[in-house]
Amino acid sequence: MSAIELRRTPLFAACVELGAKMTGFGGWEMPVQFAGLMEEHRTVRSGVGCFDISHMGKLELQGPWQTALGQLVPSDLSPLQPGQGKYTVLLNEQGGIVDDLIVYSEGADRATVIINAATTAKDLAWLAAHLDPAVTVMDRSPEQILIAVQGPTAAATLQPWITADLGQLKFYRSIRTHLGTDAVFMARTGYTGEDGFEIMLDLEAGQRLWQRLIAAGVAPCGLGSRDTLRLEAAMALYGQDITEETTPFEGSLDWLVHLDRKGDFLGRAALEAQQAAGIPRRLVGLSLPDRHIARHDYPVLHQGEPVGIVTSGTFSPTLNRPIALAYVPTALAEVGQALEVQIRNKFITAEVVNRPFYRRPKP
């Protein structure tokens, strides 16, 4: 796909003006870096940075959404109260992951759902085919800007501009409030492993917020640092770490599957069968020595025999060592297991380690 065919977010021009290096991602032309990946990564770990994530799909559900959407995900959505959010996955009949998403309850008859940019059209078609027609799905993506403000000083940066008390907003909680005179939807969440917020606004208000953040000295950050940050936090990337060919059990997302707490849902029978037969493979974290970076699709071996595949890998700026996610047989998924990764014509020792690789310090 050429650059001229790529879609652009409403903040594209503002990012270019700041000197962003652009790249294609999921059908969009997006900033990969501004000042540099390492600098942006460390800024988010130590201070605050902002990301244009307006390419993400932004849906509004109206109607009895908890029951209807609950039939398409393995997680129990019934406990969600207004203002509470949950990360979960859409499943197909084979138990494979159609997409991962965050759903925010805004009452019994309304929810906001954030989905992946590259799968927005697919997800809308999936919901149209499988969601109870009593629920109306509205795609708010073109009319909304979404900005992630991430880092340990994110709340302190935003609080002077926000009507609500951010100190009362817990993780995976959302509010509708005002930033000056602009109405905003805010959720305390993110894709970096740090404290932070994702803020959704209309187009003009979003432009104003972006400029306000930059004027306040908040560092603009691109997809490069977003990827290294999320990988340190062991957050899955849809299309690489989890796909329609992987189940939540295989993707080490067992905590999303509530077989004992809810009734039937699409893919339940397949998950029950896999659980009974034994999970054949698991997504694990790997640590590698020196600067040997395991990239997507590199083979994983055990005693010289291929046993798995790397799904994501990078050099961790925080830990100062290479890390990766990979699928390996369940029998080889225990922490401490020695494996090898083939990097070009070399076989590099790797060790299965605990995930996440990085966990932010408690306040």
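**Salt bridges and one buried asparagine**

Let me begin with Arg8, which is partly exposed, with a relative accessible area of 48%. Before I go on, please keep in mind that what we are looking at is a predicted model.

The partner of Arg8 is Glu29, and their side chains form a salt bridge with a distance of 3.0 Å from N to O. This pair links distant parts of the chain, since Arg8 sits in the segment before α1 (12–17), whereas Glu29 belongs to strand β2, residues 28–33, with the two positions 21 residues apart in numbering. Is Glu29 buried or exposed? Glu29 counts as buried, because its relative accessibility is 12% and the cut-off for buried is under 20%. So in this bridge a partly exposed arginine meets a buried glutamate.

The next pair is Glu232 and Arg45, whose side chains also meet in a salt bridge, here at 2.9 Å from N to O. Which elements does this pair link? Glu232 lies in helix α7, residues 223–232, and Arg45 lies in helix α2, residues 37–46, so that distant parts of the chain, 187 residues apart, are linked by the pair. Both of these residues, Glu232 and Arg45, are buried.

My third pair is Glu60 with Arg110, a salt bridge at 3.6 Å from N to O. Once again distant parts of the chain are linked, with Glu60 in strand β4, residues 57–62, and Arg110 in strand β7, residues 110–115, 50 residues apart. Glu60 counts as buried at 8% relative accessibility, while Arg110, with a relative accessible area of 30%, is partly exposed. This pair also belongs to a network, in which Glu60, Arg110, Arg140 and Glu143 are joined by salt bridges that share partners. For the whole model, the count comes to 16 salt bridges.

Let me finish with a residue of another kind, Asn92, which is found in the loop between β5 (85–91) and β6 (97–105). Although Asn92 lies in a loop, Asn92 is buried, because its relative accessible area is 7% and buried means under 20%. What lies 2.7 Å from a polar atom of the Asn92 side chain? The backbone nitrogen of Gly96 does. If we leave aside the neighbours of Asn92 within four places in sequence, the residues in contact with Asn92 are Val98, Trp126, Glu244, Leu266 and Gly267.

Conventions: Residues numbered from 1 in each chain as written. Predicted model: local features only at pLDDT ≥ 70, side-chain atom pairs only at ≥ 80, totals over all residues. Heavy atoms only, no water. Salt bridge = Lys/Arg side-chain N within 4 Å of Asp/Glu carboxyl O. Helix = DSSP H or I, 4+ residues; strand = E, 2+ residues; numbered from the N terminus. Buried < 20%, exposed > 50% of the residue type's maximum accessible area, 1.4 Å probe, protein only. Polar contact = N/O pair within 3.5 Å; in protein donor to acceptor, adjacent residues only side chain to side chain. Contact = heavy atoms within 4.5 Å.
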